[in-house]
Each structure stands twice: as structure tokens, then as C-alpha cells.
Amino acid sequence: MGSRLSITIRNDISEVSRLADIIELFGRTNKVAASSTFEINLVMDEVLANIIMHGFPDIDEHIIEIKISLNGETFSAEIVDDGIAFNPLKSTKDDRGASLEEKGIGGLGIHIIKKYMDKVAYKRVSNKNVLMIKKVVTIEQ
Amino acid sequence: MFKIETISNNEIKILGRFTAADVNAAEPVFNQFIATTIVDFSELDYISSAGLSVLLKTQKRLKESKAELKLVNMSKMVREIFHYVGFETIFSIE
């Protein structure tokens, strides 16, 4: 049995909290372990904060479409935005080993996305960024 | 939901999710610290890179005056995030 949900959010950073509430409810409804839901929400925060803060050079309102689903133990999400073309997988910055003085702010998000997701794929379709992520979650009995 | 509770002059507790949406609320609190401050993580669900950047900025500023943030009672998951992004070496974690 599968479960799916479509959510749209505006390009406003406060919307990320609303999305996290929806995903928590989705997780609880589908008996996803809290630890897996935290990891999903952490990754969604990284993805969406990046889109909202860097994706739109104008000051217009944009809608970001998110589809989430759970099939067995596999959680999938597809995030579609009409911002500037950006493939997060091509980010090469890595100062995780740097000292306090050398460490930069930012650039950590992509490492967190890759760590907590089992699969991450990006494509540019009809002037839109499409990011697909998958994760095998723990289901509580 | 993200919340900051003041425990004493030199100790705070952070609760819930510390994400990009919470940076504007958190920064004024962290900017006030001028001496070594304990941050209790016991009720923190997770912290994203935006939240980590607030801690990093504060740690850089405090270290200039020989003070620091001391992070206590981290969950296994949050500790794992710190480990993974290389933050374990720049904070005192108990």
C-alpha cells in the first residue's frame, strides 16, 4: 500500500516550517519512525532553503511544487521550482575539514542531502529545476 | 517549531527544529552572548546547515575574546550531523 501527497509552497522561508509540519504528519500517519522523518525534514530544509534564498533573482512570488510518496519502506520526493538553473549535485565546495578560522558559512547543505538520502537526481525540464530524492525509511510496527 | 529558552545568564536551551526559517529569530539571541555560554541540545530534533551557520558565526566571534559555546546533551542524530560536517572539532561537545 502506498501513500502520496502534493504540496505547494511559496518562496518564503517561513513556508519551510509549514512543510516540515506537513511531512511530520505524513510520517506519523504512515508510521515512519521519528528519526527517519527528522532526516527527511532536515534534507527538505536544505533543498528548499537553497531554492528560496538563491533561486529567484526577482522579488516576485513563486510557487514550489513538492510531491512526496511512501511505497513500502521507500520515501520519495520530487521538488520542482522555476528558479534559475541550479544543479545542487554539481556543487564542489568542501571545507568540512577546515579549521574554525577557515570555515565558510554555507556549502554544507549538499553534503547533508547526500548523507541522508539514498538517491538524489537532478534534471532541468521546461525551464524548471526538478530534484528527486529517495530514502529507505524505518517503519514502526 | 523552534524555541529558545533562557536557563541562566550563561545557559540556553534550544528546542524543536533549528532550520533556515529560524535563523532570524535565533541570531539576535546568539549575538548577545559575550562570554562562554552553554547550549543545551537535549530537546532539539535536528539542525540544518542554516542553524549550524548561526553556531559557527557565534563561535568565531566568541573565540576572539577567548570565550566559546559549549554544546551539551546532543542526541545521537544531531551528533552525527556535527560529525559529518566537520563541526565536532570546532566546538566543545559534552
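## A first look at chains A and B

In chain B, 5 strands make up an open sheet with mixed pairing, arranged in the order 1-2-3-4-5. The edges of that sheet are strand 1 (2–8) and strand 5 (92–93) of chain B, each of which pairs on one side only. Please keep in mind that this is a predicted model, with an ipTM of 0.89 and a pTM of 0.92. Here is a short tour, topic by topic.

**Chain B: sheet and confidence**

- Strand 4 (residues 69–72) of chain B runs parallel to strand 5 of chain B, and 2 bridges join them.
- To find this pairing in the structure, look for K70(B), which stands opposite S92(B) in strand 5 of chain B.
- The mean pLDDT of chain B is 95, and 100% of its residues score at least 70.
- Among the elements of chain B, strand 4 has the highest mean pLDDT (98), while helix 3 (residues 76–84) has the lowest (93).

**Where the two chains meet**

- The contact draws 22 residues from chain B and 23 residues from chain A.
- On the side of chain B that touches chain A, strand 3 (37–47), helix 2 (49–63) and helix 3 of chain B are the elements that give two or more residues.
- Helix 2 of chain B supplies the largest share of that side, with 9 residues.
- Sorted by class, the side of chain B that touches chain A holds 11 nonpolar, 6 polar and 5 charged residues.

**The nonpolar core**

- The largest nonpolar core counts 57 residues, and those with the most contacts inside it are L19(A), V43(A), M44(A), V47(A), L48(A) and I112(A).
- Helix 2 (residues 34–54) of chain A brings the largest share of this core, 10 residues.
- Leaving aside residues up to four places away in sequence, V43(A) touches I112(A), I113(A), Y116(A), M117(A) and I133(A).
- H54(A) also lies in helix 2 of chain A. This residue is exposed, because there are 12 other C-beta atoms within 10 Å, and 12 or fewer is the cut-off for that label.
- From H54(A) to S17(A) there are 37 residues in sequence and 18 Å in space, C-alpha to C-alpha.

**Chain A: strands 1, 2 and 3**

- In a regular strand, side chains alternate between the two faces of the sheet.
- Strand 2 (residues 63–71) of chain A shows such alternation: I64(A), I66(A), I68(A) and L70(A) point to one face and are buried, whereas I63(A), E65(A), K67(A), S69(A) and N71(A) point to the other and are not.
- Strand 1 (residues 2–10) of chain A runs antiparallel to strand 2 of chain A, joined by 9 bridges; here I9(A) stands opposite I64(A).
- Strand 2 of chain A also pairs with strand 3 (residues 74–81) of chain A, in the antiparallel sense over 7 bridges, and E65(A) has V80(A) as its bridge partner.
- These two strands, 2 and 3 of chain A, form a hairpin with 2 residues between them, and G72(A) in the turn has a positive phi of about 60°.

**Chain A: strands 4 and 5**

- Strand 4 (residues 119–125) of chain A lies largely in the open, because the number buried among its 7 residues is 0.
- Strand 4 of chain A is joined to strand 5 (residues 128–136) of chain A by 7 bridges, and the two run antiparallel.
- V120(A) stands opposite I133(A) in strand 5 of chain A, and I133(A) is also one of the residues that V43(A) touches.
- The hairpin of strands 4 and 5 of chain A has 2 residues between the strands, and S126(A) takes a positive phi near 50°.

Definitions and conventions: Residues numbered from 1 in each chain as written. Chains lettered and ligands numbered in written order. Predicted model: local features only at pLDDT ≥ 70, side-chain atom pairs only at ≥ 80, totals over all residues. Core = buried A, V, L, I, M, F, W, Y, C linked by C-beta atoms within 7 Å. Buried ≥ 20, exposed ≤ 12 C-beta atoms within 10 Å, placed from the backbone. Helix = DSSP H or I, 4+ residues; strand = E, 2+ residues; numbered from the N terminus. Contact = placed C-beta atoms within 7 Å. Pairing = 2+ DSSP bridges. pLDDT = per-residue confidence, 0-100. Nonpolar A, V, L, I, M, F, W, Y, C, P; charged D, E, K, R; others polar.
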